[in-house]
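Got your viewer open? Grab the selection tool and let's walk through this one stop by stop.

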Amino acid sequence: MIDSTLLRRAMLAGVTALAAVGIAAAPALAQKTRLTVYTALENDQLDPFKKAFEADNPGIEIAWVRDSTGVVTAKLIAEKDNPRADAIWGLAASSTALFASMNMLEPYTPKGAEALKPMFRSGKTPDPWVGMDAYLSLVCFNTAEGKKGNKPVPASWADLTKPDYKDSIVMPNPASSGTGYLTIAAWLQIMGEEAGWKFMDALHQNIAQYIHSGSAPCVQAAKGERLIGIGLDMRGASEKTKGAPIDLIVPKEGLGWELEATAIVKGTKNLEAAKKLADWAVTKKANELYAKTYAVVALPDVKAAPVNYPVNAEPAMIKNDMEWMAKNRERILAEWTKRYDGKSAPKK
Amino acid sequence: MPSVKVGLSRDDLVMRAGVVLLAGLLLVMVGLPLWSLLAKGFQDQDGRFVGLTNYVSYFSTPALFNSALNSLHVAAVSTVIVVPLAFLYAYALTRTVLPLRWLFQGISLIPIFAPSLLPGLALIYLFGTQGFFKALLGGGSIYGFDGIVIAQVFYCFPHATLILVTALATADARLYEAADALGASKLRVFFTVTLPGAKYGLISAALVVFTLVMTDFGIAKVIGGNFNVLATDVYKQVIGQQNFSMGAVVGMVLLAPAALAFVVDRLVQRKQVALLTARAVPLVPTPKPGRDFLATLFCTVVAIGILAILGMAIWGSLIKYWPYNLSLTLDNYDFAKVDANGWDSYWNSVEMAVGAAFFGTALTFTGAWLTEKTRGFYAMRSVVQLLAFLPMAVPGLVLGLGYIFFFNAPGNPLGFLYATMGILMVNTVAHFYTVGHLTATTALKQIDPEFESVSASLKVPIWRTFGRVTAPICLPSILDIAIYLFVNAMTTVSSVIFLYAPDTKLASVAAVNIEEAGTTAAAAALCVVIVLTSAAVKIVHLLADRFLLDRLQAWRRR
C-alpha cells in the first residue's frame, strides 16, 4: 500500500511542522502581551509614548490604532458588541464619557490617580476613565497676513465680530467636530445663551468657512490661507515651531477646553496589561511626556511649558459643565445648524 | 449526453449555479453589510425599532433639501462637463490617428492614480488665498461650488474615459464602409453609427460620474467651504455626532441615484445589440490630417490641465513651508518623521492593491459574464445586477461601518476576516465593484452571442468558450479592470479608514492623517509616491497590453 504509506508520511511531516511552529511561537507568545490601544494622539506622539511605556513594562507591547477623534469614536461604538480594543489612551473625555454611559468601559481607578487635579477625574468610583491632559480652543492669528492687510490683533472673542475681519475667520463646524462643539458651548456658558447666540450671529458675518475639523483652522491660519483660525491649541503651537508667522491668542473672556483620557475597554482579554497601562498613564513620567505638547496636564507638580505656547492659558480655562454640555448637545447643534449651516443662513 | 429537461442543458445548469454562487458572494460583500448599517435608520440610538421616525424628523429639516439640491446640482454640472470631455478624449484615443497615443491614454488616467487629497491640495496651491493663479478667480473663492466642480471633473474624468474607451474601441468597420458607400455625411455617420454604438457606454459613464459626485465626501470636505452636500451630512451625523441612525437615513437617501441608475441601465440594456458580430471587421482609424490635428490639440490641452495639477502637488511635496519658505527639500519623503509606521503603510497598500486587483478582477469579469450569458433565470440575474450597482452609490463610510457591524458581529462565521488584510481587500473589491462590472458588461455586450451558439452546437462546454474565446477577446478590458482595482485600492480612504488594524494601516489613510496633522508637504509627498506607484504599474500594463494585443488580438487587424 504505497499510497497509504505516503499519506501517513505526509501527515507525519505536516504534524511535525505544525508542532515545530507551535514550539517556536509559544515562548514568543508567553513573552509579550500585545495590547491593542485605540487613540487619537498625534502621529508624532505615538512612538515616544509607546517606547516609554514599554521600557517600564517589558512584558507588554502596544499596538496602536490611531485616527481622528471622530473616526476612532465611531469605530469603537460600532465594535461595541465585539470589542477589538483593549484600552483607550488619548481620546477626548466627552467620547469616553459617552462610552461609559453605553456601558462599554471597565471601571478602574489607576494606582496614583488620587494625586491628579480633581477636574481630571471622572467623579465616579471606580473611574470609568481618567484624564491625561487638556487641550484648548483658542485663536490663531497670522501676523504676516495681518500686517499685509493692516488688521488689528484681536484680544477677545468680542473683537472677532469687528468688520475688519469680514470673511477672514475659520472655525470648526460643531456638527462635525468635537472641538467646534466645545468652542460654542464655551461661548454659551461664558456669555449666557441669549448673548451667546447674539455673539455668534455677529461672528457669522466674519466666518469664511465652518470646517469639518478641529485642527484645520489653526493650520489654515498658519499657512496664510486665512487670517484667523479658531481651533486646537497644540496644532497652532507646532505650526509656529515649524516657522509659521502666527500668534496664539487667549481671548480675555476665557476658553473652552476638553480633556484627553485613558480608559479600559470592557471585555478585554488582557485586563491585567490594560490596568498596567492605566496605572502608567497617571505616573509622573507619563505626565512629563504629555507636558511636551500640552500646556495643561493632570499632575499638579508637573510643569508644562511646550514651545511657542501662550503662558496665560491655564487660568483662562472656563468652569466647564461637562454634564450640561452632554445634555444640551442635540438642542444646541440643532439651533446652530438652523442658524448658520450652509445656505440656510445667507449672510447679509 | 442524456438531456435533463427540455431547454436546460448542462451549460445552463452550470451557469445558473454560478449565478447563484455569485449572488451569495455579493450578498455577503455588499448586501448584508449595507443592511446592517441601513437598518439602524429604523432604530433609535439604543437600538429600539422606531419605524420611520428618523426619516420623518430628517425630512422635516430644511437642511436636507439644501443638501439634496446642492448634491444634485453639483453632480449634474460635473456630469455635463465630464461626459462630453471624456467622450471627445476617448474618441480621439480610439478613432483618430493620434501621435503618442499611449502617452495620452496614460495621462488621462493620472487622476485615478491620486488620492482625492491630491487635487484638493493642488487646487489650494493654485487658486487658494496664497495661490499662484488666485487672480484668475476674479475675487471669487476656490472654496465652495466652483472648487468642488473643478476637483470632481479632474477626479471623475478617468472613470468616464475608461468606460467610453471600452465602448468606442470595438466597432464594426463594415458599418462605416456601408455608410461611406451610401454617401452619408460625416456628421450623419457620427450620429447614426458612432453615437448609437457608444450609447450604452455613454449612459454608463454619465451614471457613474453622477453617482461618484453624489457620494464623494473627500473633495467636498477639503474644498467645499460651506457648500453642504449629502455626503458631508453623513459625515456630520456619523463622525461628528456618532448618530448612526441619522447617518443611515442619509445613506439611504443617497441610494436613490443607484436605484435610478439600475432602472435606466435595465431599460438601455434591452435595446443594446452586439456590435462585434462574428462576421465583424474591426475598425482601424485611417489618418485624416485635419481631424487628427484637432484631436491632438484637444488631448494636449486636457493633458496639460491634468499634468498641471499633478505637477503642483509634486512641487508642493518638495518645499519646506508653504507659503512662507519655498526652499526645496527631500525631507518630506522621510515618512517615519510624521507617522510612526513610516513606509510600512505604503507596503501594506501595495499588498492590499495587488490582492484586490487579482481576486477582484477574476470575480468581476466572471460575474459579468455569468449575468450576461446565462439564458433565462431573470430574477436571480436581476438580484446580481442590483447588488453590482449598489456599491457605486454607497458613501465609503457607510460601507465601512456596515462592514464593522456585519463582520464583527459576535457569532459571524466570517469574523476571522475582521482586522486582517483580507477584509480590506474584500471591502475594496466590493466598494469598486460597479465600474469593473460595467466595463466588463460593455465589453461582453460587444461580442456576438453567436460565438456561444456555435460553441454549443459543436458541443464545446461553455466554460471552454469562456476561456478560449470570450476572455481572450476581452483581455484588454480585463487588464483595464485589474488596473482600475489596483489604483483605487491604492487611493481609497473613506471605507477602509474604519477597518485597518495595527499591522494593516494603508498609505492612503496615512496621507489623510498626515495632512490633518498640518504636515501638508509630507501628505503631498505620500500622495506623489502613490501616484508614481500606480503610474509604474500602468506603464507595465501598457507594455503588456501591446504584447498581448499583438498576440491575442491579431484578428482585429486585417
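Start by selecting residues 1-5 of chain B: pLDDT (the predictor's confidence in each residue, from 0 to 100) stays under 50 there, and the model gives this stretch zero contacts beyond four places in sequence. Here, a contact is two residues whose C-beta atoms, placed from the backbone, lie within 7 Å.

This is a predicted model, in which local features need pLDDT of at least 70, side-chain atom pairs count only at pLDDT 80 or more, and totals for chains, interfaces and linings use all residues. Residues are numbered from 1 along each chain as its sequence is written, with chains lettered from A and ligands numbered from 1 in the order in which they are written.

Now color chain B by confidence. Its pLDDT averages 87, and 96% of the residues score at least 70. Helix α12 (residues 256-271) of chain B is the low point, at a mean of 75, while helix α17 (residues 421-431) of chain B tops out at 96. Helices are DSSP runs (H or I, at least four residues), numbered from the N terminus.

Next, show both chains: 45 residues of chain B are in contact with 50 of chain A. On chain B's side, pick out α10(B), the biggest giver with six residues. That side divides into 26 nonpolar, 15 polar and four charged residues, with Ala, Val, Leu, Ile, Met, Phe, Trp, Tyr, Cys and Pro counted as nonpolar, Asp, Glu, Lys and Arg as charged, and the others, Gly among them, as polar.

Last stop: center on B:V209. Beyond its neighbours within four places in sequence, B:V209 is in contact with B:S78, B:T79, B:V82, B:V83, B:C156, B:H159 and B:A160.

Methods. Helices (H or I, at least four residues) and strands (E, at least two) are DSSP runs, numbered from the N terminus.
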